[in-house]
Amino acid sequence: MTFAVTVGGRSVECGEDQALLDACLRAGVWMPNSCNQGTCGTCKLHVVAGEVDHGSSPVETLSDEERCAGMALACQARPRGDVELRPQGTSAARTANPLRDMVATVREVSDIARDTRRILLGLNEPLTFDAGQYVELVVPGSGERRQYSLANTADEDKVLELHVKLVPGGVATHGWLFDGLAEGDRVDISGPLGDFHLPPESEDDGGPMVLIGGGTGLAPLVGIVRTALRRHPEREVVLYHGVRGEEELYDGDRLTELTEQYPNVRFVPVLSHEPADGYREGFPTDAFVEDVPSARGWTGWLCGPPAMVEAGVKAFKRRRMAPRNIHREKFTPADA
Amino acid sequence: MTTTERPDLSWLDEVTMADLERNPYATYERLRAEAPLAYVPVLGSYVASTEEVCREIATSPDFEAVITPAGGRTFGHPAVIGVNGDVHADLRTMIEPALQPAEVDRWIDDLVRPIARRYLEQFESDGQAELVAQFCEPVSVRSLGDLLGLQDVESDKLREWFAKLNRSFTNAEMTADGEFANPEGFVEGDEAKAEIRSIVDPLIDKWIEHPDDSAISHWLHDGMPPGQTRDREYIYPTIYVYLLGAMQEPGHGMASTLVGLFSRPEQLEEVVDDPTLVPRAIAEGVRWTSPIWSATARISTKPVTVAGVDLPEGTPVMMSYGSANHDTGRYEAPTTYDLHRPPLPHLAFGAGNHACAGIYFANHTMRIALEELFEAIPNLERDTREGVEFWGWGFRGPTSLHVTWEV
Ligand SMILES: Cc1cc2nc3c(=O)[nH]c(=O)nc-3n(C[C@H](O)[C@H](O)[C@H](O)COP(=O)(O)OP(=O)(O)OC[C@H]3O[C@@H](n4cnc5c(N)ncnc54)[C@H](O)[C@@H]3O)c2cc1C
Ligand code: HEM
Ligand code: FES
């Protein structure tokens, strides 16, 4: 007889007379443990669902109150059925914005830069999301799904704004969004998804931020930066938009306007391959390293091609930003 | 070779204490292969070197704890690591309340995090540091020192004490007649103890009259009839256990974890990026280089046969947990630090009823310290102009760890 033990999204088989810890470790799922004899408490965790037999767990290590509160020693407890566990110290998942399937209507398709389109999708019902999250579009006919980030702030909840870059030969972009998509088309979408968003307002201390978007990686940053500034108009913000050449830049006016509206905002477009007068040259992550001597206490936001995001993490750490303050959204291709 | 034939272990006659302290692994690797339970002349004792034999003896009803000769000479009696029955039960009951997980959870963050930050602030803008002396050891001793009630004893003094007690405790070489080969090696331990007493005796006087929430004050009073306290001579040996192992080992554990991670830059990066991996990194760190490498022992309470060796009643066996954690029967490529190796339980904290009492406290102290280090200096690199040397047979860790970073 075996039961399913689920922890952190992974599920392992556990015999009825097997310790939860043993089952997890054998399946390669690590959890803290030290003594394996019930005496140190290192393996203590929360039983979120299902029941366990505490076996010979000593009361010195696992008190009656803790048992009542749903705690167990993984090295001693045996499953009585399927169980779900949560390691100690990890907080209960924050109530997320509910994921919904919707049918949207294309309101506008506009070419805003070389191989780049803005697509506006109208909804019948407002969508609850946090700025920076993304939605999934179902590519008609293929059943394929592709992710696109929202450029909206949370109150812009009836018309979704997407920025899409053409990928030559791409199923969604080449075959649909840049070919044939028209105003009035109906599109199946699901969302919101992802954890690339600001903390709740009550936990946002208004500290300095740097945001780096590569290409259409700018999209979620447009929503995030406006939200962040509305919360704390005085906060220091540096926003980099990295593209290959001037022709790929877009939304410059919109972003320059922010620098006029708020006192401590800088907007820095950077061209990597096609230099042009009046623009910084190189990679935006290098520009950051040149511009910011220390990013201690800052939060960082990186969105775009995976390689750029990786380079950004390195650049931020080099400037001493705490890794837990580095937020990342990689535009990973569907087949990667 | 038949099963009754003993392998030829004459090579062991050549093994010196200095060899073991510089690097015990080669000797123990051979022991694990040839004789997992063997008499080692330089130590004047049987030694258990594999995972299986260590675990068997540490949890066997036919063995109980005994302190090693050099350990007993250093700590005196009754030290918690060397007593059994009621005295052991009383000493564990005395020390455990402060180390219970639920208790530790209440204050560990507030205790260790500010200490880690304070030491980091002293050097985080320098762009270089020697982490053993500037971070690992100070955070380790300050956290436990404050818990014990030794707030007024400087961290450097606590570091000096554990180093002297360590060298005395591991002054293990025996002559063929069963005498200490280097009796002068105990002198610095004796000096340290004299100094400890000159500082702790007045504190004990104070705590007897005015109990407070410090651990040693609780040791004196808890479970005693009103108006009575435990005799200080009864608790001093266990105070020395703390002032050596408990003070020193979290520092060793942190430093070894860091050296291990530096040997795998991609794994260091993973851990820096995701602090939830720190506990796993530490678990592998103390497996890879076990801080208490070979410092505790057990003694048979009746004639027994272990690993094919007949032991008469009263035979001491040293537990070599550092060797057990490199057992190829259990770990693939055990000499490599690997955050992602299949996560089997290790023996770095011992086993049985004398297993480490401070596991939870130690693990969390190390975790918080490394979290703070990586948070403050996410761009940490090993200073490759300096080497890293490990030292120790009884207790083992890097002697120094030079790092640099861009400021
Ligand atoms: C969380 C998330 C959010 C995203 N948000 C956005 C967004 O806001 N705007 C946006 O434009 N895209 C975004 N993307 C990328 C998007 O989901 C698609 O992957 C992209 O549009 C390509 O889809 P496709 O069907 O046209 O190409 P596919 O048919 O998937 O790919 C065709 C070929 O091109 C390769 N390829 C795909 N993308 C690239 C690329 N960027 N560079 C080089 N080769 C590539 C593929 O590997 C494949 O071989 C996001 C991705 C993720 C994971
Ligand atoms: C990383 C740090 C540490 C390691 C690796 C470690 C490891 C060990 C080991 C291997 C033993 C011997 C177990 C045996 O013989 O089976 C031991 C014993 C002990 N440890 Fe630890 N230890 C650490 C930190 C601490 C701390 C911080 C404390 C106290 C606060 C502590 C308290 C004790 C005590 C009291 C014993 C004796 C237990 C007994 O004999 O009953 N240890 N430790
Ligand atoms: S690992 Fe020590 S109580 Fe479970």
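Q: Which backbone atom of B:Ala351 lies 3.2 Å from an oxygen atom of ligand 2?
A: A backbone N or O atom of B:Ala351. That is a polar contact, meaning a pair of N or O atoms within 3.5 Å; within protein, one must be able to donate a hydrogen and the other to accept it, and residues adjacent in sequence count only if both atoms are side-chain atoms.

Q: What about B:Val80 and B:Tyr321?
A: B:Val80 has a backbone N or O atom 3.4 Å from an oxygen atom of ligand 2. For B:Tyr321, an N or O atom in the side chain is 2.6 Å from an oxygen atom of the ligand.

Q: Is this model predicted, and how is it numbered?
A: This is a predicted model, where local features need pLDDT of at least 70, side-chain atom pairs count only at pLDDT 80 or more, and totals for chains, interfaces and linings use all residues. Residues are numbered from 1 along each chain as its sequence is written, chains are lettered from A and ligands numbered from 1 in the order in which they are written, and side-chain values use heavy atoms, with hydrogens and water left out.Q: What pLDDT does chain B average?
A: Chain B averages 96, on a scale of the predictor's confidence in each residue from 0 to 100. The complex gets an ipTM of 0.77 and a pTM of 0.88.

Q: Back to ligand 2: how do its shell residues divide?
A: Into 20 nonpolar, six polar and three charged. Nonpolar covers Ala, Val, Leu, Ile, Met, Phe, Trp, Tyr, Cys and Pro, charged covers Asp, Glu, Lys and Arg, and the others, Gly among them, are polar.

Key
Residues numbered from 1 in each chain as written. Chains lettered and ligands numbered in written order. Heavy atoms only, no water.
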